[in-house]
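Trainee: Please take a close look at one part of this model for me, the stretch around the loop before the last strand. Start there, then connect it to what lies around it.

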Amino acid sequence: NLVGYRLRDDDTPTRVPDTIYLGNPHASALTDMVILPLANPKTIVSCSLDATVKVQDVGYGKSVQELGANNPPDRRHRQGILSVAYSEDRNIVCTGGFER
């Protein structure tokens, strides 16, 4: 599950009720996620051991896109994905998995 917490001024985490909780859009364990701060609405990109990358709107809990799903097999992950990163200046999402 993806759950959001807001840090107070004293760094005390407080769960944000029903605003960022998205459930788990993946068929397996979530391994990493990143928030795209310039997207409107705010967007989370997550990856999983099920070899998928999902894009969701914060607060809505629905997947709006699965990245790479329509790529041919040699151009997408075939095994679990461990990490996801986002480059704000180039608007690029990169993922890293088990493949060599």
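Mentor: Start with asparagine 91. This residue counts as exposed, because its relative accessibility of 60% is over the 50% cut-off. Remember that we are reading a predicted model. Asparagine 91 sits in the loop between E7 and E8. Look across from there to leucine 38. The two residues are 53 positions apart in sequence, yet their C-alpha atoms lie 9.6 Å from each other.

Now step back for the setting. The protein has 100 residues, and 25% of them are buried. It contains eight strands and zero helices. Read from the N terminus, the order is β-β-β-β-β-β-β-β. The loop of asparagine 91 joins E7 to E8, so follow both strands in turn, as the strand assignment sets where each one begins and ends.

Take E7, residues 81-87, and its isoleucine 81. Isoleucine 81 is buried, because its relative accessibility is 1%, under the 20% limit. What lies 4.0 Å from isoleucine 81, C-alpha to C-alpha? The partner is glycine 97, 16 residues away in sequence. Glycine 97 belongs to strand E8, which spans 92-97. Isoleucine 81 also has aspartate 50 in reach. Here the C-alpha separation is 7.4 Å, with the two positions 31 residues apart in sequence.

Aspartate 50 takes us to another loop, the one between E4 and E5. At 22% relative accessible area, aspartate 50 is partly exposed, because 22% falls between the 20% and 50% limits. Alanine 51 is in that loop too. Its backbone deserves a check: phi is positive, about 70 degrees, and the residue is not a glycine. Most residues other than glycine have a negative phi.

Now move to the end of E8. Phenylalanine 98 is in the segment after that strand. It is partly exposed, at 45% relative accessible area. Phenylalanine 98 can join a surface patch because 45% is over the 30% cut-off for patch residues. Its partners are Leu49 and Leu82, and the nonpolar patch they make covers about 270 Å².

E8 also leads to the largest pocket. About 190 Å³ of space lies in it. Its lining has 14 residues, and those closest to the centre are Val53, Leu67, Gly68, Arg76 and His77. Two strands give two or more residues each to the lining: E6, residues 63-67, and E8, residues 92-97. How does the lining divide by residue type? Six of its residues are nonpolar, five are polar and three are charged.

Stay with E6 for the last stop. Glutamate 66 of that strand forms a salt bridge with lysine 54, at 3.5 Å from N to O. The count for the protein is one salt bridge. Lysine 54 is in strand E5, residues 53-57, and the pair ties together distant parts of the chain, twelve residues apart. How exposed or buried is each end? Lysine 54 is buried, because its 13% is under the 20% limit. Glutamate 66 is partly exposed, because its 33% lies between 20% and 50%.

Put the route together. Asparagine 91 marks the loop between E7 and E8. On the E7 side, isoleucine 81 is buried and lies 4.0 Å from glycine 97. Beyond E8, phenylalanine 98 joins the nonpolar patch. E8 also shares with E6 the role of giving two or more residues to the pocket lining. From E6, glutamate 66 reaches lysine 54 in E5.

Technical notes. Residues are numbered from 1 along each chain as its sequence is written. This is a predicted model: local features need pLDDT of at least 70, side-chain atom pairs count only at pLDDT 80 or more; totals for chains, interfaces and linings use all residues. Side-chain values use heavy atoms; hydrogens and water are left out. On a 1 Å grid over the protein atoms alone, a cavity is a set of points where a 1.4 Å probe fits but cannot get out, and a pocket is an open set with protein on both sides within 12 Å along at least five of seven lines; lining residues have an atom within 4 Å of a point. Grid points are joined across faces, edges and corners, and a volume is the space filled by probe spheres set on the points. Helices (H or I, at least four residues) and strands (E, at least two) are DSSP runs, numbered from the N terminus. Ala, Val, Leu, Ile, Met, Phe, Trp, Tyr, Cys and Pro count as nonpolar, Asp, Glu, Lys and Arg as charged, and the others, Gly among them, as polar. A salt bridge is a side-chain nitrogen of Lys or Arg within 4 Å of a carboxyl oxygen of Asp or Glu. Buried means under 20% relative accessible area, exposed over 50%, partly exposed in between (1.4 Å probe, protein chains only). Patches are made of residues with over 30% relative accessible area and no salt bridge: like charges are joined within 9 Å, nonpolar side chains (Val, Leu, Ile, Met, Phe, Trp, Tyr) within 5 Å. Accessible areas come from the Shrake-Rupley method with a 1.4 Å probe; for residues, only the protein chains shown count as cover.
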